[in-house]
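Notebook open, coffee poured. Today I wanted to look up enclosed space and charged contacts.

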Amino acid sequence: MYHLVLGYVGLVMSVWVCDSKVMWRVGQIGGLLLVVPALGLMNLNLFISGVSGAMTSDFMSVALTVLSIWLLPLMLVASQQHMVNEAKFYQRVFIGCQVFLTGGLVLAFLASDLLLFYIAFESTLLPTLMLITRWGAQKERYQAGTYFMFFTMVGSLPLLVCLLGQYQLSGSLALDLMFVGVSKGEYIINFWWLGCVVAFLVKLPLYGTHLWLPKAHVEAPIAGSMVLAGVLLKLGGYGMIRVSYLWGSSALVSGEVILALALWGMISMGAICLRQTDLKSLIAYSSVGHMALVVGGVMTGTAWGYNGAMILMIAHGLVSSCLFSLANSWYERGHTRNLIGSRGLIMLFPLIGFSWLISSLMNLALPPAINLFGELVAMVAVYNWSVYSVAFMSLGAVLTAGYSLYMYGMSQWGNVMKGYKNLYIITSREYLLGLLHLMPAIYLIFYLGLMF
């Protein structure tokens with residue numbers, strides 16, 4: 001497992017020392033080759049943690065590690081056109097930022113110690129901030145970066161305090177040890193657990209702590225949007241599952257409050273998505289709605305809830321990243337994110353229109369998409385928590401279907417605006433990008449055994 005982290009250190013150095021003509025190829029091919037050792041971790045018995053010093057590998061960590069590594073070359077492929085007019089030095093910095101960010105994510109997912117996890121968790125902050133504030137599209141990117149930094153830092157400080165307190169109490173922060181000596185009924189433990197989980201709720205984000213996400217998504221370059229939707233949000237879900245394993249969320253009062261807030265957030269985000277006119281903003285708000293169900297699954301504290309949350313995170317990471325890359329392929333041509341301005345795309349680019357259709361249908365969890373299995377399993381877990389929750393989840397599912405079809409219909413159907421002249425054709429790079437996003441999502445439909 002150390003070889004994966006060292007692989008990313010080597011890749012950053014390779015990008016800096018190689019010739020400027022091949023630096024993009026080095027980043028893309030190097031990132032793709034690192035998928036091979038990550039897939040090798042799948043051969044381990046994933047029901048028994050494989051511990052190697054500071055690293056550990058079980059089903060959750062390996063699945064999210066493979067997702068992170070898979071998305072790196074796709075981010076580089078998607079960003080190549082966006083960065084073509086930048087100076088060579090800044091192109092190197094840009095590639096280095098993405099490789100460093102992915103290395104930090106891999107380290108966070110494979111860490112077997114909560115303090116090492118926290119350090120890796122925080123190390124992803126700076127490269128993401130650089131991507132948003134340096135390579136964002138508009139002046140509002142500085143405000144988006146401020147929001148992102150403020151929310152993440154304020155959420156992370158209670159986590160650090162609680163981890164240090166836990167180390168003082170039990171003498172270890174190893175993930176493979178179940179913490180003992182705490183009474184779940186005590187109010188102090190309730191606040192302790194809440195302090196640990198608030199950083200992850202901001203990262204997911206839960207409804208109420210989500211204000212930074214739409215701004216960050218809209219202002220970030222395509223690579224920033226893809227890594228935010230694809231992997232960074234999953235860091236919050238993974239951390240919540242790990243902390244819930246250790247303290248047991250189902251017995252805590254604050255867990256039920258968060259679960260109720262997640263159900264309300266699912267409906268609120270669905271309603272907000274239906275009135276969006278900005279394509280990237282709509283996809284960003286839909287991420288908050290999907291992550292609400294992940295929070296619901298984790299907060300039940302059951303095996304079904306954890307499984308459903310994991311499947312949904314993997315599915316959402318692939319589908320939302322694909323949607324952002326498709327939105328970017330039009331933005332590079334039409335220079336607008338407005339839904340009205342992107343009407344009639346299926347007439348201009350039929351194959352990309354087909355990719356939009358598949359992604360939208362997966363986003364609304366149409367059978368037999370992997371999203372459906374994740375949502376159903378998580379919904380069953382939440383239903384066991386409270387029978388009345390089925391009303392909220394049903395309404396949330398209907399709204400999800402509504403805004404997914406609204407997004408597809410508004411962007412693909414209708415007459416093309418007459419102002420667009422000389423739109424250059426879709427390149428093989430963009431076809432490859434859509435294919436590499438949707439292939440794993442379709443593959444997992446037939447091999448759901450990997451998830452259970």
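My entries on cavities and salt bridges follow.

**Ground rules.** I am working with a predicted model, where local features need pLDDT of at least 70, side-chain atom pairs count only at pLDDT 80 or more, and totals for chains, interfaces and linings use all residues. Residues are numbered from 1 along each chain as its sequence is written, and side-chain values use heavy atoms, with hydrogens and water left out.

**Entry 1, cavities.** I looked for cavities (sets of points on a 1 Å grid over the protein atoms alone, where a 1.4 Å probe fits but cannot get out). Three of 30 Å³ or more turned up; a volume here is the space filled by probe spheres set on the points, which are joined across faces, edges and corners.

**Entry 2, the largest cavity.** I noted a volume of about 90 Å³. Its lining (residues with an atom within 4 Å of a point) includes Met266, His290, Glu375 and Tyr403. Helix 13 (279–299), helix 17 (370–385) and helix 18 (389–412) each supply at least two lining residues, and helix 18 gives the most, with four. Helices are DSSP runs of H or I with at least four residues, numbered from the N terminus. By class I have six nonpolar, four polar and one charged; Ala, Val, Leu, Ile, Met, Phe, Trp, Tyr, Cys and Pro count as nonpolar, Asp, Glu, Lys and Arg as charged, and the others as polar.

**Entry 3, the second largest cavity.** This one has a volume of about 70 Å³. Helix 14 (303–334) and helix 19 (428–446) each supply at least two residues of its lining. Arg429 and Glu430 are among the lining residues.

**Entry 4, salt bridges.** My search of the whole structure gave five salt bridges (a side-chain nitrogen of Lys or Arg within 4 Å of a carboxyl oxygen of Asp or Glu). Arg429 and Glu430 meet in one at 3.9 Å, N to O, and a network of salt bridges links them with Glu332 and Arg333. Glu430 is buried at 6% relative accessible area, and Arg429 also counts as buried at 18% (buried is under 20%, exposed over 50%, partly exposed in between, with a 1.4 Å probe and protein chains only).

**Entry 5, links across the chain.** Arg337 and Asp278 form a salt bridge at 3.1 Å, N to O. They sit in loops, 59 residues apart, and both are buried. Glu86 and Arg134 pair at 3.2 Å, N to O, with their positions 48 residues apart in the numbering. I have Glu86 as partly exposed at 22% and Arg134 as partly exposed at 34%.

How values were computed. On a 1 Å grid over the protein atoms alone, a cavity is a set of points where a 1.4 Å probe fits but cannot get out, and a pocket is an open set with protein on both sides within 12 Å along at least five of seven lines; lining residues have an atom within 4 Å of a point.
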